[in-house]
Amino acid sequence: MRLAKYTAIGVIGTGLHYLVLIIGVELLDILPIYSTVAGSVVGAVFNHHANRLYTFDSDKSYWQTLTQSSLVSIFMMAINFFLMLIFTIEISMNYLLAQLISTGIVFFIGYTMNKLLVFSVKRAR
């Protein structure tokens, strides 16, 4: 059930990410590798707040999860940036296809890191 909630929230966060990416590339003429970073920030902010409220039952403070979530997000943004760099600059792949592939890779890394590092719950022994 937790993975389903994480996925549903991730779909919305990803939609926000893609919206910023497309606006950046198509309307503002910003390179995809920079637009994807801006989109990642928007998606990460939404995802943290929604996952804290609906997905993970964490006993950590808001600020502790925010700090840890930010570090995870920065790591995931770096992976996404470098994948987009390789796909769009080196391989000349369409930026939306490149983002779709990058999103699939980053999704599983993000879920695992958020579950184990950010929103983990201390269990009584």
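Me: Before anything else, what counts as a pocket, and what makes a residue part of its lining?
Reply: On a grid over the protein atoms alone, a pocket is an open set of points with protein on both sides within 12 Å along at least five of seven lines, and its lining residues have an atom within 4 Å of a point. Please keep in mind that the model here is a predicted one.

Me: OK, so how many residues line the largest pocket, and which lie nearest its centre?
Reply: The largest pocket is lined by 27 residues, and those nearest its centre are Tyr6, Thr14, Asn47, Met76 and Val106. The volume of this pocket is about 520 Å³.

Me: Which elements give two or more residues to that lining?
Reply: Helix 1, helix 2, helix 3 (62-90) and helix 4 each give two or more residues to the lining of the largest pocket, and helix 1 gives the most, with eight residues.

Me: Back to Tyr6, is that one buried or exposed?
Reply: Tyr6 counts as buried, because its relative accessibility is 7% and the cut-off for buried is under 20%.

Me: Switching to rings, how many aromatic pairs are found in the whole structure?
Reply: A search of the whole structure finds five aromatic pairs. One of them joins Tyr6 and Phe107, whose ring centres are 5.6 Å apart and whose planes stand at 55°, so this pair is described as tilted.

Me: Which parts does that pair tie together?
Reply: Tyr6 lies in helix 1 and Phe107 in helix 4 (residues 95-118), so the pair ties together parts that are 101 residues apart in sequence. Phe107 itself counts as partly exposed, at 23% relative accessibility.

Me: And what about Tyr62 and Trp63?
Reply: Tyr62 and Trp63 form an edge-to-face aromatic pair, with 5.0 Å from centre to centre and 85° between the planes. Tyr62 is partly exposed, with a relative accessible area of 29%, whereas Trp63 counts as exposed at 61%.

Me: Which residues do ring pairs link into a cluster?
Reply: Ring pairs link Tyr6, Phe107, Phe108 and Tyr111 into a cluster.

Me: New topic: which residues make the nonpolar surface patch?
Reply: Leu19, Ile23, Leu27, Leu28, Ile30, Leu31 and Tyr34 make a nonpolar surface patch of about 700 Å². Helix 1 (residues 2-27) supplies the largest share of this patch, three residues.

Me: Where does Tyr34 lie?
Reply: Tyr34 lies in helix 2 (residues 32-54), and at 49% relative accessibility Tyr34 counts as partly exposed, because exposed would need over 50%.

Note on methods: Residues are numbered from 1 along each chain as its sequence is written. This is a predicted model: local features need pLDDT of at least 70, side-chain atom pairs count only at pLDDT 80 or more; totals for chains, interfaces and linings use all residues. Side-chain values use heavy atoms; hydrogens and water are left out. Patches are made of residues with over 30% relative accessible area and no salt bridge: like charges are joined within 9 Å, nonpolar side chains (Val, Leu, Ile, Met, Phe, Trp, Tyr) within 5 Å. Accessible areas come from the Shrake-Rupley method with a 1.4 Å probe; for residues, only the protein chains shown count as cover. A salt bridge is a side-chain nitrogen of Lys or Arg within 4 Å of a carboxyl oxygen of Asp or Glu. Helices (H or I, at least four residues) and strands (E, at least two) are DSSP runs, numbered from the N terminus. Buried means under 20% relative accessible area, exposed over 50%, partly exposed in between (1.4 Å probe, protein chains only). Rings of Phe, Tyr and Trp (its six-membered ring) pair if their centres lie within 6.5 Å; planes under 30 degrees apart count as stacked, over 60 as edge-to-face and the rest as tilted. On a 1 Å grid over the protein atoms alone, a cavity is a set of points where a 1.4 Å probe fits but cannot get out, and a pocket is an open set with protein on both sides within 12 Å along at least five of seven lines; lining residues have an atom within 4 Å of a point. Grid points are joined across faces, edges and corners, and a volume is the space filled by probe spheres set on the points.
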